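Here is a short tour of a protein, written for someone new to reading structures. Take a moment to look at the fold before you read on.

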Amino acid sequence: MAKSTTTLTGEVTPLAAQSMRQPMPSVYVEEPVTIIIFGASGDLTLRKLVPGLYALYAQGLFRERFAIVGYARRSYDDSSFRERMREAVKSFSRFPVEDARLDEFISRLYYHKGELEDIESFRALKVRLQDEARYPANRVFLPGDHARIFFAGDSKSPTGLNSLPPRTPNLGREL
Ligand SMILES: NC(=O)c1ccc[n+]([C@@H]2O[C@H](COP(=O)([O-])OP(=O)(O)OC[C@H]3O[C@@H](n4cnc5c(N)ncnc54)[C@H](OP(=O)(O)O)[C@@H]3O)[C@@H](O)[C@H]2O)c1
């Protein structure tokens, strides 16, 4: 006998019918954006965040230029971080990986070495991000270390795209 599940309206729908549901509508990133990933050398970034961003890119969901900046303590530079992320995408992507697309994606990645507890690290990041030709001014902060970073909406960006971790000293005001 087929298993069944209950919809929000209370109707009972066979599980088989779920595979015939319409796909989710696509959501495009319509504006230039810089995505900053805290905990960028960690497992979550390697297994989920960067392969997931690659999948969005490969499906054409970034319609404007973008940059991804990884932030962690380990001693990567842009070049070694890119190679690490290239291997991560190849290992963990659930979306087919094409070398040319992957090269394009990887070229948008950067690494910023810093401590979460050190305000000077964030000041250096702020200075770096002022190069808006490379790092578009709309900023999205992704937590790769949930235990340390908490997020809240921010009013600084006219587009509302910025979100900031207010528990990190001054970051909410200074980035
Ligand atoms: N892994 C998963 O698939 C997964 C899935 C769901 C949720 N999560 C959650 O995501 C969070 C991260 O998990 P993870 O598996 O990625 O952990 P992880 O492998 O231990 O990575 C932690 C990251 O945080 C960075 N970090 C730690 N302390 C730092 C500091 N003081 N300053 C700067 N960077 C610092 C580390 O960088 P350095 O080592 O370079 O300093 C590393 O990049 C956890 O809360 C976990 O529960 C993980």
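The notes below go from the overall layout to the core, then to single strands, helices and one residue.

This is a predicted model. The protein has six helices and eight strands. Of its 175 residues, 26% count as buried.

**Overall layout**

- Starting at the N terminus, you meet the elements in the order β-β-α-β-α-β-α-α-β-α-β-β-β-α.
- Among the contacts with a separation of 6 or more, 67% join residues 24 or more positions apart.

**The nonpolar core**

- Which residues have the most contacts inside the largest nonpolar core? They are Ile35, Ile36, Ile37, Ile68, Val69 and Tyr71, in a core of 32 residues.
- Many elements contribute here: strand 3 (33-38), strand 4 (66-72), strand 5 (109-113) and strand 6 (139-143) each supply at least two residues of this core, as do helix 2 (43-58), helix 3 (78-92) and helix 5 (119-129).
- Strand 4 gives the largest share of this core, with six residues.
- Ile36 is in contact with Val69, Tyr71, Arg139, Phe141 and Leu142, leaving aside its neighbours within four places in sequence.

**Strand 3 and its partners**

- Is strand 3 mostly covered or mostly open? It is mostly covered, with six of its six residues buried.
- Val33, Ile35 and Ile37 point one way from strand 3, while Thr34, Ile36 and Phe38 point the other way, and all are buried.
- Strand 3 pairs with strand 4 in the parallel sense, over six bridges. As an example, Phe38 has Tyr71 as its bridge partner in strand 4.
- Together with helix 2, strand 3 and strand 4 make a right-handed β-α-β unit.
- Strand 3 also pairs with strand 6 in the parallel sense, over five bridges. Here the bridge partner of Ile35 is Val140 in strand 6.

**Helix 3, a helix with two faces**

- Try a small check of its length: at 1.5 Å a residue, the 15 residues of helix 3 should span 21 Å, and its end C-alpha atoms are 21 Å apart, which agrees.
- Phe81, Arg82, Met85 and Val89 are the buried residues of helix 3. Seen down the axis of helix 3, these buried residues fall within an arc of 100°, so they line one face of the helix.
- Which exposed residues sit on the face of helix 3 turned away from its buried side? That face carries Ser79, Ser80, Glu87 and Ser91.
- The cover over the buried residues of helix 3 includes helix 2, strand 4, helix 4 (99-106) and strand 5.

**Helix 5, a second example**

- In helix 5, the residues Phe122, Leu125 and Leu129 are buried. They cover an arc of only 55° around the axis, which puts them on the same side of helix 5.
- Glu120 and Val127 are exposed on the other side of helix 5.

**A closer look at Leu142**

- Leu142 lies in strand 6.
- Why does Leu142 count as buried? A residue is buried if 20 or more other C-beta atoms lie within 10 Å of its own, and Leu142 has 21 other C-beta atoms within 10 Å.
- Leu142 touches Ile35, Ile36, Ile37 and Leu49, not counting residues up to four places away in sequence.
- Leu142 and Thr45 are 97 residues apart along the chain, and their C-alpha atoms are separated by 9.6 Å.

Key:
Residues numbered from 1 in each chain as written. Predicted model: local features only at pLDDT ≥ 70, side-chain atom pairs only at ≥ 80, totals over all residues. Core = buried A, V, L, I, M, F, W, Y, C linked by C-beta atoms within 7 Å. Buried ≥ 20, exposed ≤ 12 C-beta atoms within 10 Å, placed from the backbone. Helix = DSSP H or I, 4+ residues; strand = E, 2+ residues; numbered from the N terminus. Contact = placed C-beta atoms within 7 Å. Pairing = 2+ DSSP bridges. Right-handed = clockwise from strand over helix to strand, strands pointing away. Expected span 1.5 Å × (residues − 1). Arc of directions from axis to C-beta.
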